[in-house]
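I am opening this notebook to keep track of what I looked up, entry by entry. I begin with the chain as a whole and then turn to the ligand, the strands and the cores.

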Amino acid sequence: MADRVLIFDTTLRDGEQSPGASMNADEKMQIARALERLRVDVIEAGFPSASKGDFASVKAIADEIRDSQICGLARAREADIDGAGEALAGASDPRIHTFIATSDIHLRAKLKMSRDEVQDIAVAAVKRARRYTDNVEFSAEDAGRTDSDFLCRMVEAAIDAGATTINIPDTVGYAIPQEFGDRIRMLRERVPNSDRATFSVHCHNDLGLAVSNSLAAVENGARQVECTVNGLGERAGNAAMEEVVMALRTRADHFGVDTRIETTEIVPTSRLVATVSGFAVQNNKAIVGANAFAHESGIHQDGVLKERETYEIMTAESVGWSRNRMVLGKLSGRNAFRTRLQELGVHLDEQQFEATFERFKALADRKREIFDEDLLALVNDEVTRI
Ligand code: KIV
Ligand code: ZN
């Protein structure tokens with residue numbers, strides 16, 4: 001089995017489905033360029049049949065980006081597939097991603113179709129997509145809640161029709177990790193032609209389990225993960241790209257597989273997506289939150305200053321921060337205080353240092369964070385006092 005996991009970024013498609021996150025063509029192009037620098041394998045650039053604007057931006061991205069595959073989403077309908085084929089014509093490696101729902105609730109309440117009808121439509125859609133490219137992805141929407149026997153049948157039929165990637169979405173974020181991992185393993189074991197396709201997962205975050213479910217799928221043979229920058233996406237969002245990538249990289253000892261992502265581009269890309277989408281990143285967000293590499297307590301600061309790995313499992317620099325950060329506050333100790341003064345070029349004798357440290361602690365009791373200006377004012381006071 002391949003030891004590389006493909007990263008399929010859907011920030012521009014599912015991410016844009018976050019209520020309030022719609023982006024214009026120019027913003028989408030900026031994000032596509034950032035994703036190419038990040039070296040994502042596949043950029044899902046949009047849903048060409050959704051609107052003229054979406055068609056135009058998928059086309060513009062397909063015409064320009066060269067180092068990532070460009071994908072367009074299409075319902076299992078001729079017009080959608082033809083639209084995607086047309087929008088992607090200029091891509092260096094175009095992918096058409098066609099989908100239809102397979103769970104009983106979607107068949108009954110939404111599609112009002114039988115299983116046989118859905119299977120026939122999926123097969124026809126995949127075959128039509130193959131007229132445009134040999135890089136065709138089929139998604140069984142709501143696969144997480146689909147009857148296992150029927151899902152096996154759908155996957156087998158889609159592969160026979162020419163799908164090269166089979167995506168198993170947990171559309172409503174209902175799955176839990178072990179069960180979802182088992183589902184991927186079951187499909188790989190039971191579907192007779194499963195070795196002819198790459199298995200992919202697309203997990204939503206309704207229970208906060210999108211990343212865990214994606215990783216469980218990788219443990220069970222999935223070799224593509226669909227995700228978004230900052231975890232943007234419909235409702236509670238999708239699996240966060242930065243978390244999936246850094247979990248695989250940091251715990252390579254466990255997973256034994258990696259991605260080709262240029263991780264130093266993670267933070268700049270996250271910032272761009274936050275600005276463009278208007279969705280700010282929470283401070284305590286893993287990897288890209290302002291506090292992800294910030295240490296406040298004296299014990300932690302002392303540990304990190306002595307040896308970084310005491311409290312850091314990856315470096316801030318490896319994901320694109322300029323450095324980790326010691327937050328000076330009431331919990332900080334002498335080591336962090338002295339280090340920051342040295343970094344600011346301040347030299348105090350021991351007596352001045354102790355007096356300044358005492359006044360720093362008193363200030364920190366009144367003020368949540370002590371900034372460099374505060375420190376310099378304290379130092380100035382101390383030095384001019386003598
Ligand atoms: O969540 C989902 O099922 C989707 C599909 C279109 C892959 O976004
Ligand atoms: Zn989705």
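**Entry 1: the chain as a whole**

I first asked for the burial of the protein chain, and of its 386 residues 46% count as buried. I keep in mind throughout that this is a predicted model. For the overall dimensions I took the C-alpha atoms along the principal axes, where they fill a box of roughly 90 × 40 × 35 Å. The secondary structure that I listed for the protein chain comes to 15 helices and 10 strands. I then looked at contacts between residues at least 6 apart in sequence, and found that 72% of them join residues at least 24 apart.

**Entry 2: the record**

I checked the UniProt record, an unreviewed entry, and noted that its annotation "domain: Pyruvate carboxyltransferase" covers residues 5-267. In the model that span is 43% helix and 17% strand, and its end C-alpha atoms lie 21 Å apart. The unreviewed entry also carries a "binding site" annotation, which covers Asp14, His202, His204 and Asn238. Although these positions are spread over 225 residues of sequence, I find them clustered in space, with a largest C-alpha distance of 10.2 Å.

**Entry 3: around ligand 1**

Which residues lie around ligand 1? I listed Asp14, Phe99, Ser139, Glu141, Asn167, Pro169, Thr171, His202 and His204. The elements that give two or more residues to this shell are β5 (136-141) and β6 (165-170). Sorting the shell by residue class, I obtained two nonpolar, five polar and two charged residues.

I followed two of these residues further, starting with Asp14, which I located in the loop between β1 (6-9) and α1 (25-38). Is Asp14 buried or exposed? Asp14 is buried, because 23 other C-beta atoms lie within 10 Å and the cut-off for burial is 20 or more. Not counting residues up to four places away in sequence, Asp14 touches Thr228, Gly233, Glu234 and Asn238; the last of these, Asn238, is also covered by the "binding site" annotation of the UniProt record.

His202, in turn, is found in strand β7, residues 198-203, and counts as buried because it has 31 C-beta neighbours inside 10 Å. When I left aside its neighbours within four places in sequence, the contacts of His202 were Ser139, Asn167, Pro169 and Glu226. Of these contacts, Ser139, Asn167 and Pro169 also appear in the shell around ligand 1.

**Entry 4: strands**

I went on to β5, since this strand had come up in the ligand shell, and found it mostly covered, with six of its six residues buried. Val136, Phe138 and Ala140 point one way from β5, whereas Glu137, Ser139 and Glu141 point the other way. I note for context that side chains in a regular strand alternate between the two faces of the sheet.

What pairs with β5? Strand β4 (residues 94-101) runs parallel to β5 and is joined to it by six bridges, one bridge partner pair being Ala101 and Glu141. β6 also runs parallel to β5, with three bridges between them, and here Glu137 stands opposite Thr165.

I also examined β1 and β2, which pair in the parallel sense over two bridges, with Phe8 opposite Val42 in β2. Five of the five residues of β2 (residues 42-46) are buried, so this strand is largely enclosed by the rest of the structure.

**Entry 5: nonpolar cores**

I searched for nonpolar cores and found that the largest has 91 residues, those with the most contacts inside it being Ile43, Val225 and Val244. Apart from it lies another core, of nine residues, among them Leu328, Ala336, Phe337 and Phe360. In soluble globular proteins, nonpolar side chains tend to be buried together. For Ile43, leaving aside neighbours within four places in sequence, I noted contacts including Leu12, Leu35, Ile61, Ile65 and Ile70, but also Asp9 and Ser68.

**Entry 6: Ala216**

My last lookup was Ala216, which is found in helix α8, residues 210-219, and is buried because it has 24 other C-beta atoms within 10 Å. Beyond its neighbours within four places in sequence, Ala216 is in contact with Pro177, Gln178, Phe180 and Gly181. Ala216 and Asn230, 14 residues apart in sequence, are 20 Å apart in space, C-alpha to C-alpha.

Definitions and conventions
Residues numbered from 1 in each chain as written. Chains lettered and ligands numbered in written order. Predicted model: local features only at pLDDT ≥ 70, side-chain atom pairs only at ≥ 80, totals over all residues. Near = placed C-beta within 6 Å. Helix = DSSP H or I, 4+ residues; strand = E, 2+ residues; numbered from the N terminus. Nonpolar A, V, L, I, M, F, W, Y, C, P; charged D, E, K, R; others polar. UniProt positions renumbered as here; feature names shortened; annotations may be inferred. Buried ≥ 20, exposed ≤ 12 C-beta atoms within 10 Å, placed from the backbone. Contact = placed C-beta atoms within 7 Å. Core = buried A, V, L, I, M, F, W, Y, C linked by C-beta atoms within 7 Å. Pairing = 2+ DSSP bridges.
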